[in-house]
Every structure is written in structure tokens, then in C-alpha cells.
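Reader: I'm new to this structure and would love a close look at one part of it. Could you pick the aromatic residues that group together, and then show me what lies around them?

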Amino acid sequence: MATVNDLLVAAGINIITAFAFLVAFAILRIQPVNDRVYFPKWYIKGLRTSPSRAGAFVGNVVNLDFCSYVKFLNWMPAALQMPEPELIEHAGLDSAVYLRIYLIGLKIFVPIAILAFSVMVPVNWTNKTLETSDLTFSNIDKLSISNIPTGSERFWTHLVMAYAFTFWTCYVLKREYEIIASMRLHFLAADQRRPDQFTVIVKNVPPDPDESVSELVEHFFMVNHPDHYLTFQAVYNANKLSELVSEKKKAQNWLDYYQLKYSRRQSERPTTKTGFLGLFGKRVDAIDFYTSKIERQSREISLEREKVENDPKSIVPAAFVSFKSRWGAAVGAQTQQSRDPTIWLTEWAPEPRDIYWNNLAIPYVSLAIRRLVIAVAFFFLTFFFMIPIAFVQSLANIEGIEKAFPFLRPIIEMPTVKSFIQGFLPGIALKIFLIFLPTILMLMSKFEGFICISRLERRSATRYYTFQFINVFLGSIITGTAFQQLNNFMNQSANEYDIYTQLACFA
């Protein structure tokens with residue numbers, strides 16, 4: 001059973017690890033070679049230039065100004081003290097809200113922690129209930145409500161504190177939600193007009209033998225929204241075209257890299273090999289090679305685009321419909337367009353970069369089936385994951401490890417090793433189990449049929465936190481306690497069992 005020392009060891013390891021990553025980040029961000037990585041927006045706005053200079057190679061890679069290492073953490077107070085309007089203008093609304101989330105945590109938990117340690121800890125610790133019982137416990141358990149005897153007046157302390165904690169949490173959340181909602185409204189009001197604010201996406205366009213999808217969409221919205229309809233854009237199945245565009249972007253990135261390299265050192269033109277990953281093949285001039293490659297890919301993209309546009313079979317039953325006003329777009333996105341609720345499905349169009357194109361053509365019935373299948377799969381994934389969780393928690397106590405690996409007993413009984421095993425090893429084992437979970441949940445979300453990457457990420461994040469709450473939090477507590485008490489029950493003598501049975505009968 002974990003003790004206070006075990007928790008202190010785990011907390012110490014986590015704090016040291018977090019501080020090490022913070023220091024590594026602060027040092028890496030001041031290196032010239034990483035300047036464009038950590039300050040991309042400043043370069044885009046022209047507010048920052050490259051710190052690299054012509055000369056020694058080491059000075060262009062490593063920061064040789066040792067005075068900057070002394071104050072390498074000065075950015076933290078500057079970021080916290082920056083006014084919110086300036087922060088929003090510099091880094092966006094998401095960054096300002098993200099920073100407020102940490103401040104919300106401090107506002108909620110610091111007063112709660114002070115109140116709990118000053119009131120509830122003395123109330124629980126000064127009892128002798130666990131010491132006079134036959135239960136297995138540690139000093140940590142003496143800080144909990146289990147150390148208060150049945151029927152004690154001290155339970156009123158827990159009841160009052162529960163209401164106080166709940167009230168304070170709800171008050172802080174309500175106040176912060178009002179502030180963030182106001183910030184969002186001001187941000188949207190000050191933002192420039194974007195095409196997605198006037199556009200809806202329509203899916204499940206029904207087939208018509210007399211009209212193509214494009215003609216059908218245009219005719220439908222001209223008839224049903226004559227005062228607000230502006231134009232539309234059909235959706236094409238252009239997977240090959242998308243691959244060509246991606247390859248061209250990669251080639252363009254390499255061309256930019258070699259041009260930047262040549263601008264820094266013009267005495268020698270950069271070269272590359274034409275084979276796999278630039279490791280094999282004939283060595284050629286890198287700038288000329290990627291310039292000719294981009295020109296060839298541009299011609300292939302033009303031919304493929306023309307082929308897709310002229311092929312009626314490339315059009316999928318979906319389209320982007322634009323309106324003359326935001327009011328018209330809101331009406332089109334939030335109202336049912338047909339008596340049949342499975343066709344002409346409309347919703348707000350996401351930004352082009354946020355669209356997951358593979359899911360645009362999924363039929364309505366198929367979407368319902370997919371979401372049912374994923375709901376069942378997530379249920380089994382969540383609750384059957386209890387098996388490895390239970391196994392890990394069974395090894396969280398020293399007795400279980402010594403029984404499984406008796407030859408390690410002399411090492412395990414060392415105080416430092418014992419604290420490390422009970423306080424830190426179970427968390428590492430759980431993290432190993434959870435490494436592949438985000439990827440699995442993202443695949444499940446994609447299978448469900450959501451068309452926005454942001455919605456895919458939001459659904460995956462929601463399921464990830466649900467999974468962690470059920471398995472890591474509840475599962476760890478329930479299985480850990482259950483295995484501990486079951487072990488005590490199995491090892492107690494028959495006489496003790498008879499005494500407990502008689503007491504239960506008299507009670």
C-alpha cells in the first residue's frame with residue numbers, strides 16, 4: 001500500500017521531469033537554428049529577422065551569447081503580464097483562453113487546498129478509527145473520511161466543505177465562462193468577413209436522372225432560397241489530384257530550403273541525389289532539380305484538374321452553397337430543407353483547411369450505423385480495458401511483486417526502490433497502455449463520419465478523457481482497493497472469519 005513517502009517520491013520525479021522539459025524548451029528557443037520554429041508569426045509579419053550571420057557555422061546553430069542563458073526564463077512573466085487584447089492580437093484568441101484555463105485552475109484549487117488542509121485534515125487525522133480496526137491502512141488513509149467513526153458529528157465538516165467547494169467551483173466557472181463568452185463575441189465582431197461565415201455545406205443530395213448534381217443543387221436553392229442564394233461549389237472526388245498537390249508542396253519546401261541555404265552561402269550551390277530520400281542516385285544541382293520537378297508537377301496538376309472537372313462521375317453528392325448574407329446562411333444551415341430528413345442535409349461549412357474530405361459522401365443511413373457501431377466498440381474498449389488496469393494495480397503493492405519475482409526481494413525491500421515502485425511504477429505502466437489510445441480513438445472518430453478535423457479531434461478528446469476517468473481514475477481506485485481487501489480476506493484465519501460472521505449476525 002502506498003505511503004506518504006511513496007507519494008513524495010512520485011511527486012518529486014514528476015516535478016523534476018517537468019522542470020527539465022521546461023528548461024530544455026527555454027534553451028532550445030533561444031538557439032539561432034530554431035528561431036523560425038519558435039517565432040513563425042513574427043517572421044510572417046516582418047517583425048523579426050534571422051539571427052544567423054555569415055561566418056562561423058557554430059554561431060549560426062548555437063547561441064554563443066552566454067548572458068541570454070542567465071535570463072532564458074524571462075519570457076514567462078512577460079507572457080503572464082501581457083494584456084489580453086495584445087495577447088489576442090499577437091497569438092490569437094485560443095492562446096488567451098488556453099492561458100486562462102491555467103489561471104482558472106489556480107483560482108479554484110488554491111483556495112480549496114488551503115481550506116482542506118486547514119480544516120479537513122485535522123478533523124480526519126485526530127481520530128483513531130483505523131488504528132483500532134483490523135483493516136489494512138497507511139498514513140494516507142488517516143487523512144481521509146474513512147478515519148472518522150460511524151455516527152460522529154465530524155461528518156458535518158465534510159458535508160459543509162462539500163457544499164463550499166462546489167459553490168466556489170461553480171462561481172469561478174460561471175464568472176470565467178461569462179468573460180470568455182464576451183471575449184469571443186468581441187473577437188468575432190472585430191474579425192474580418194470570411195467565406196465560411198456565408199457558406200453552408202449540403203450533403204446527401206438525392207440522385208436525379210434528368211439533372212446532374214450541380215444542376216440539381218443550383219435549381220434547389222434558387223427555388224427555396226431565392227432572396228439569399230448566391231452561388232455554389234460542387235465537391236469532386238479528386239484523390240489523385242490531392243496526392244499530386246501534396247507532392248508539389250513537399251518539393252516546394254525542399255526548394256525553399258535549398259534557396260535559403262544558398263542565400264546564406266553563395267560561394268557553393270547546394271546539391272542533392274535523385275534517388276530515395278536523397279541518399280542514392282546521381283548527384284545534381286538541388287535548386288535546378290526541384291525547380292524542374294515543380295514545373296513538371298504543375299503541368300500534371302493542371303491536366304488532372306481538367307480531367308476531374310470534365311468527368312461527371314467525379315462529382316460526389318455534396319456541395320458548398322454560399323449566401324448573400326449571414327442571415328441567409330444561418331437559415332440554410334439550421335433548417336430542414338426537405339420532408340425527408342435523410343436528404344439535403346445542411347450545416348455550417350468549416351474552413352477549407354478544417355475539412356476531412358473522405359467523409360463528405362457518406363450516406364445518412366450509413367452514418368447512423370457507423371455511430372452505433374463505434375458507440376458499442378467504445379463501450380467494450382472502455383470496460384474491457386479494466387483487465388490490464390486490474391493487473392497493473394495488483395502489482396502496485398510490494399507483496400504482489402515479491403510473489404511474482406521472489407529473486408528481487410532484497411532489491412525491492414530497499415527503501416528508495418520500494419518508494420519508487422509503489423509511487424511511480426504503476427503510473428508508468430498505465431501510460432504505456434495509453435500510448436496508442438489517442439490514435440485508436442481518432443480512427444474511431446473518422447469512421448463515424450465527421451467532416452471537420454476539429455470535430456474529429458474534439459470527439460477523440462472527449463472519449464479520451466471519458467476513458468481516463470473510468471479506467472485510470474475509477475478503475476485504479478476500485479481495482480486497487482478491491483485487490484487489497486480481497487487479499488486480506490483470503491489470508492485471514494477461519495477463527496477471525498467466524499467472529500466477523502457472528503458480529504454481523506448480532507448487528
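Author: Let's start with one aromatic cluster, formed by F220, F221, Y229, F323 and W344. Keep in mind that this is a predicted model, so everything here is computed from predicted coordinates.

W344 is a good place to zoom in. Leaving out residues up to four places away in sequence, W344 touches V202, K203, N204, V205, P206, L216, V217, F220, F221, Q337 and S338. Two of those partners, F220 and F221, belong to the aromatic cluster as well.

W344 also turns up in the largest nonpolar core, which has 14 residues. V202, V217, F221, V321 and W344 are the ones with the most contacts inside that core. Which elements each supply at least two residues of this core? They are β1 (199–203), α10 (213–224), β5 (315–323) and α13 (326–334). The largest share, four residues, comes from α10. There's a second, separate core too, with 10 residues, including I201, F320, L360 and I451.

Now follow another contact of W344, namely K203. K203 forms a salt bridge with E347, and the closest N and O atoms are 3.4 Å apart. Because K203 lies in strand β1 and E347 in strand β6 (residues 345–348), the pair ties together parts that are 144 residues apart in sequence. Is K203 buried or exposed? Its relative accessibility is 8%, so K203 counts as buried.

Let's look at the other salt bridges. A search of the whole structure finds 12 of them. In one, E176 pairs with R100, with the closest N and O atoms 2.7 Å apart. E176 sits in helix α9 and R100 in helix α8, so to speak two distant parts of the chain, 76 residues apart, linked by this pair. Both E176 and R100 are buried. They also belong to a network of salt bridges that links E84, R100, K107 and E176.

Another salt bridge joins the side chains of R194 and D196, at 3.2 Å from N to O. Here the two partners get different labels: R194 is partly exposed because its relative accessible area is 26%, while D196, at 15% relative accessibility, counts as buried.

Back to helix α9 (residues 155–190), where you'll also find L173. L173 touches I104 and I108, not counting residues up to four places away in sequence. The C-alpha atoms of L173 and I104 are separated by 7.7 Å, with the two residues 69 apart along the chain. At 31% relative accessibility, L173 counts as partly exposed.

What about aromatic pairs beyond the cluster? The whole structure has 18 of them. Take Y98 and Y102: their ring centres are 5.3 Å apart and their planes are at 80°, so this pair is edge-to-face. Both tyrosines lie in helix α8 (residues 93–125), four residues apart, which is about one turn of the helix. Y98 and Y102 are both exposed.

Y257 and Y258 make another edge-to-face pair, because their planes are at 65°, with ring centres 5.1 Å apart. Y257 has a relative accessible area of 43%, so it is partly exposed. Y258 counts as buried, with 8% relative accessibility.

Out on the surface, there's a nonpolar patch of about 740 Å². L372, V376, F379, F380, F383, F384 and I387 make up this patch. Helix α14 (residues 364–384) gives the largest share, six residues. I387 has its place in helix α15 (residues 386–394). With a relative accessible area of 58%, I387 is exposed, since exposed means over 50%.

Finally, a step back to the whole protein. It has 22 helices and six strands. Of its 507 residues, 29% count as buried. The accessible surface comes to about 33600 Å², and 65% of that belongs to carbon and sulfur atoms. Among contacts between residues at least 6 apart in sequence, 69% join residues at least 24 apart.

Technical notes: Residues numbered from 1 in each chain as written. Predicted model: local features only at pLDDT ≥ 70, side-chain atom pairs only at ≥ 80, totals over all residues. Heavy atoms only, no water. Patch = residues over 30% accessible without salt bridge, like charges linked within 9 Å, V, L, I, M, F, W, Y side chains within 5 Å. Areas by Shrake-Rupley, 256 points an atom, 1.4 Å probe, with all protein chains shown as cover. Salt bridge = Lys/Arg side-chain N within 4 Å of Asp/Glu carboxyl O. Buried < 20%, exposed > 50% of the residue type's maximum accessible area, 1.4 Å probe, protein only. Core = buried A, V, L, I, M, F, W, Y, C linked by side-chain atoms within 4.5 Å. Contact = heavy atoms within 4.5 Å. Phe/Tyr/Trp six-rings, centres within 6.5 Å; stacked < 30°, edge-to-face > 60°.
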